[in-house]
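Biologist: I'm new to this one. Can you put it up and walk me through it?

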Amino acid sequence: MFYDPAEGLSRDELDRLQTERLRAVVARAATSPFYAARFEECGLTPDDITCPADIAKVPLTTKQDLRSNYPYGLLTVPVDDLVRLHASSGTTGSPTAIFYTRKDLATWASLMARCMHMCGMRPSDVFQNMSGYGLFTGGLGIHYGAETLGCLTIPAGAGNSRRQIKLIRDFSVTAVHIIPSYALHFADFLQAEGIEPASLPIRIALIGAEPHTEETRRRIEGLFGCKAFNSYGLSEMNGPGVAFECPEQSGMHLWEDAYIVEILNPQTLEPVAVGEIGELVLTTLTREGMPILRYRTRDLTRFLPGECPCGRVHRRIDRIAGRSDDMLIIKGVNIYPMQVEQILMGLPEVGGNYLIELSRDGHMDQFTVKVEITDEFFVEDMRGLNALRGRIVAKLRDELLITPRVELVQHGSLPVSEGKAVRVNDLRPKE
Ligand code: ADP
Ligand code: ZN
């Protein structure tokens, strides 16, 4: 039933495996210039870490630490032993480089294959990877997972929707990896070409790499007539394959044989209670070339309580609510773009794209949401459109507690990014 026996481990077995791997990885990390200095600073030796609970003794690692020790400061092997480099997409500043040994690549590919098998992909599926390749881990990371599982794998890359359609049709593609914002755009594109998205043979879509809501997932499933599974990862932890949805589609199992997972209150840095939202902090247990201990992902989520009916005991995290640095402060109110998306994607009149624009009028923040409307509704008369705008404003106000300006725009008029969607355009003068 399981692709990898590690999926079926009991809690006790997982604890034992974590203990063994944590001790090994801490000892290994201590040989890198960065952690050697860190451990010395806080008077820590690898022998102080004897069980997973001891992880709290290890100092946190931040993105800034990776930047300050760029490029090679976290390596535990000579450069000769490395075979691959990836970099984060740089969504929030300058990128960081991550290195892999041959063994690291094999471990990662097998984690990814496990995720794909879990959500129902089989070697008989024809798989098209519709996300960017290059330094972004969603390209080669997903690619080698699908090949390891044994699927015929098409490295389509991002964009060029017309070619994507041809490949999907010519080779009867049954499974895809696609960034959710591009999936919505792709559906719009298909419809504009007179093609019903559900007429394509796709039965499984792996969607991830950027925050999205349950409403967006349901919309993608409805449009393509497929099942869509949330895929989470970050380059610092290899890339995709860190946490993934099972067929229950109720939270993502975080692979605890490969990572130690903590969720901390970002202010106090103490663990939060189960069910409470905090910052995800991860430790690599199996990385050889560049182990990272207690990495602050800045991604906000919570542990889901209870056992999953699928039989895997690896703990489940909720979909990512946003990054701590995504938070907007508008007129003193904290707002996450996902709150806006959740409202918009629940409305059938709204198309696949939107943009939040922040500007300043004198001393007042102006908060505008530009919303693409499906062609069908755009032909409505002025009264119909005004009524729709009024409904969107009211729903957003109820959720956000401030009143945004809403502009309805024609489908296809807002910018589309080839990679992760850019949802916020902040035009406010820098302080
Ligand atoms: P960058 O941090 O520059 O975007 P990465 O390409 O490594 O670099 O992206 C990892 C980040 O992407 C994660 O930390 C998270 O913020 C986001 N992400 C990845 N998968 C998901 C997902 N399924 N849901 C929400 N956010 C995700
Ligand atoms: Zn499950």
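Biologist: How many residues does helix 7 have, and how far does helix 7 reach from its first C-alpha to its last?
Modeller: First, a caution: this is a predicted model. Helix 7 covers residues 180–192, which makes 13 residues. The reach is 19 Å, close to the 18 Å expected at 1.5 Å a residue.

Biologist: Which residues of helix 7 are buried?
Modeller: Pro180, Ser181, Tyr182, Ala183, Leu184, Phe186, Ala187, Asp188 and Leu190.

Biologist: And what comes just after helix 7?
Modeller: Gly194, with a positive phi of about 80 degrees.

Biologist: Let's move to helix 4. What span should helix 4 have at 1.5 Å a residue?
Modeller: Its 17 residues should span 24 Å. The end C-alpha atoms are 25 Å apart, which agrees.

Biologist: How many of the residues of helix 4 are buried?
Modeller: Twelve of the 17, so helix 4 is largely enclosed by the rest of the structure. Among them are Trp108, Met112, Arg114 and His117.

Biologist: Which glycine follows helix 4?
Modeller: Gly120. Its phi is positive, near 110 degrees.

Biologist: Which strands does helix 4 lie across?
Modeller: Strand 3, strand 6, strand 8 and strand 9. Helix 4 runs at about 30 degrees to strand 8.

Biologist: Tell me about the sheet with eight strands. What is the strand order?
Modeller: The order is 4-3-5-6-7-8-9-13. The sheet is open, and the pairing is mixed.

Biologist: Which strands stand at the edges there?
Modeller: Strand 4 (152–154) and strand 13 (316–317). Each has a single partner strand, so one side of each is left without a neighbour in the sheet.

Biologist: Take strand 6 and strand 7. Do they run parallel or antiparallel?
Modeller: Parallel. Five bridges join strand 6 (residues 204–208) to strand 7 (residues 227–234). Leu206 stands opposite Phe229 in strand 7.

Biologist: Now the inside. Which residues touch the most other members in the largest nonpolar core?
Modeller: Met116, Met121, Phe127, Leu254, Ile292 and Ile317. That core holds 68 residues. Helix 4 gives the most to this core, with eight residues.

Biologist: What about a second core?
Modeller: There is a separate one of 51 residues. Its members include Tyr182, Ala187, Ile202 and Ile356. Tyr182 and Ala187 are also among the buried residues of helix 7.

Biologist: Switching to cysteines. How many disulfides does a search of the whole structure find?
Modeller: Zero.

Biologist: How far from Cys119 is the nearest cysteine sulfur?
Modeller: It is 8.1 Å away and belongs to Cys115. A disulfide needs the two sulfur atoms within 2.5 Å. For Cys151, the nearest cysteine sulfur is that of Cys119, 9.9 Å away.

Biologist: Is Cys119 buried or exposed? And Cys151, buried or exposed?
Modeller: Cys119 counts as buried, at 5% relative accessibility. Cys151 counts as buried too, at 7%. The cut-off for buried is under 20%.

Biologist: On to the sheet with four strands. In what order do they come?
Modeller: The order is 19-18-17-20, in an open sheet with mixed pairing. Strand 19 (405–410) and strand 20 (424–426) stand at the edges. Each has a single partner strand, so one side of each has no neighbour in the sheet. Neighbouring strands are turned by 20 degrees against each other on average, direction ignored.

Biologist: How many bridges join strand 17 to strand 18?
Modeller: Nine, and the two strands run antiparallel. Leu358 has Phe367 as its bridge partner, and Arg360 has Asp365. The two strands form a hairpin with two residues between them. Gly362 in the turn has a positive phi of about 65 degrees.

Biologist: How many residues of strand 18 are buried?
Modeller: Eight of its ten, so to speak mostly covered.

Biologist: And on the other pairing, what joins strand 18 to strand 19?
Modeller: Six bridges, and these strands run parallel. Val371 has Leu408 in strand 19 as its bridge partner.

Biologist: Last one. Which strands do helix 9 and helix 11 meet?
Modeller: Helix 9 (residues 337–345) packs on the sheet and touches strand 17, strand 18 and strand 20. Its direction makes about 140 degrees with that of strand 17. Helix 11 (residues 382–400) lies across strand 17, strand 18 and strand 19. Helix 11 runs at about 135 degrees to strand 19.

Terms used
Residues numbered from 1 in each chain as written. Chains lettered and ligands numbered in written order. Predicted model: local features only at pLDDT ≥ 70, side-chain atom pairs only at ≥ 80, totals over all residues. Heavy atoms only, no water. Pairing = 2+ DSSP bridges. Axes fitted to C-alpha atoms, helices over the stretch in contact; angles between N-to-C directions. Contact = heavy atoms within 4.5 Å. Expected span 1.5 Å × (residues − 1). Buried < 20%, exposed > 50% of the residue type's maximum accessible area, 1.4 Å probe, protein only. Core = buried A, V, L, I, M, F, W, Y, C linked by side-chain atoms within 4.5 Å.
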